[in-house]
Amino acid sequence: MSANSGLVVILTAMNLEYAAVRDQMTDLRVRRHPAGTRFEVGRIGRSNCRVALALVGKGNHPAAVLAERAMAEFSPAAVLFVGVAGGLWPDIRLGDVVVASKIYAYHGGTSEDDGLKARPKAWEIPHEVDQIAHHVERSAAWRRGLPAEATPRVHFGPIAAGEVVQDSGISEQARWIRQHYNDAVAIEMEAAGVAQAGHLNRALPVVVVRGISDHADGSKVTTDGQNWQPRAARHAAAFATALAQELITDGPASRGGADQDGGRTMPMSNRNIASGKAQVGVQAGQIYGDVSVGAPAEQPIDLGASIASLRIHIKQAHIDGQLDGDTYAAAESELEAATECVPASTPEARSGLIVALKRLRGLVADVSELAARLAAIIAVVRGM
């Protein structure tokens, strides 16, 4: 699975969190997953950063399932989970933003005669992503869209993720967390599921960004009544969308990784060394496409590989919103028909292949790049 270096998935648990992120997006298009999940795909402002946004509901289990679904559907550069949380220390103010440096699944344990022993799972934020998040915090540009009276600070620290709403400072659960997860700065209910999904998808970067809407100490009814949830959600969304743009501009997927065809990008530097009486014949920097020196040799056309490459570009056009769901499904059907005709060498098979490719060209005619690729493949088939 090659990473889509221009897209970040953002997931939220509640509608008010979803709305806070959606307010930062433009050019929205709906993308429906076959299992029923609804994504909205758009851009952050006028930037080149594309976002696939989805609502997953409360709890680690649905968060893990839908995070996995989003990763498989979009192959994103990173996944951000954005929303509100309860702060666990007095210096974490209402409205502040917490970026998880580590995520604890704090319900892991073993029950023995002398009590419950902690057996947590934990996931750390990737080093480079952590560095980028600190850079975003230092720039302070992420606050520009917030009201003038909003002065949230950003904290980096562990977040505890469980399966219950924590709203007491003296309960047995609260004492358990203070005893075993004393460095946690916030508590919530989804981060562990998303982190596990990222870990199982080739360690895909996962960042959890939370705005503090209460202090998990019994004051939740009061703070909710003061509208701290939507305010904290806006703060988290502002930081997360700024982070997403920076990840696309300067993150791991922006250089030296897999491109959208699953190939590798070339580094810009090159070095040629000649010894004795040898001479350097070619000095090349970054090259796109095929390169030949001297008379090119005749190479057979691999129709199967060409159609497979076309399938990747058609899927990317669908992700970008250039093809709607019905058109994409019809295009996939014609691709399957074309693929089945490739191995046979009979005139009937070639005729069937051309018909499928022409139908496909009609479906994607509005996307000039795809139409050009199809025209080239059809010309090859006709010349066979």
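Modeller: Let me begin with a definition: buried means under 20% relative accessible area, exposed means over 50%, and partly exposed lies in between (1.4 Å probe, protein chains only). This is a predicted model, where local features need pLDDT of at least 70, side-chain atom pairs count only at pLDDT 80 or more, and totals for chains, interfaces and linings use all residues. Residues are numbered from 1 along each chain as its sequence is written, and side-chain values use heavy atoms, with hydrogens and water left out.

Biologist: Thanks! Which residues of α3 are buried?

Modeller: They are V129, D130, I132, A133 and V136. Helices (H or I, at least four residues) and strands (E, at least two) are DSSP runs, numbered from the N terminus.

Biologist: What makes the buried residues of α3 line one face of the helix?

Modeller: Seen down the axis of α3, they fall within an arc of 160 degrees, so they line one face. The arc is that of the directions from the helix axis to the C-beta atoms. An α-helix has 3.6 residues a turn, so residues three or four places apart point the same way. The face of α3 turned away from the buried side carries the exposed residues H127 and R138.

Biologist: And what do the buried residues of α3 pack against?

Modeller: They pack against β6, β10, β12 and α7, where contact means heavy atoms within 4.5 Å.

Biologist: Why is the pair E17 and R210 called a salt bridge?

Modeller: The rule asks for a side-chain nitrogen of Lys or Arg within 4 Å of a carboxyl oxygen of Asp or Glu. The closest N and O atoms of E17 and R210 are 3.9 Å apart, so the pair qualifies. E17 lies in helix α1 and R210 in strand β12, so the salt bridge ties together parts that are 193 residues apart in sequence.

Biologist: How do you know that R210 is buried or exposed?

Modeller: The relative accessible area of R210 is 0%, so R210 is buried. E17 is buried as well, at 3%. R210 also meets E188 in a salt bridge, at 2.6 Å from N to O. E17, E188, E190 and R210 are linked in a network of salt bridges.

Biologist: Why is R153 called partly exposed?

Modeller: The relative accessible area of R153 is 35%, so R153 falls between the two cut-offs. The side chain of R153 meets D96 in a salt bridge of 3.4 Å, N to O, and D96 is buried, with a relative accessible area of 0%.
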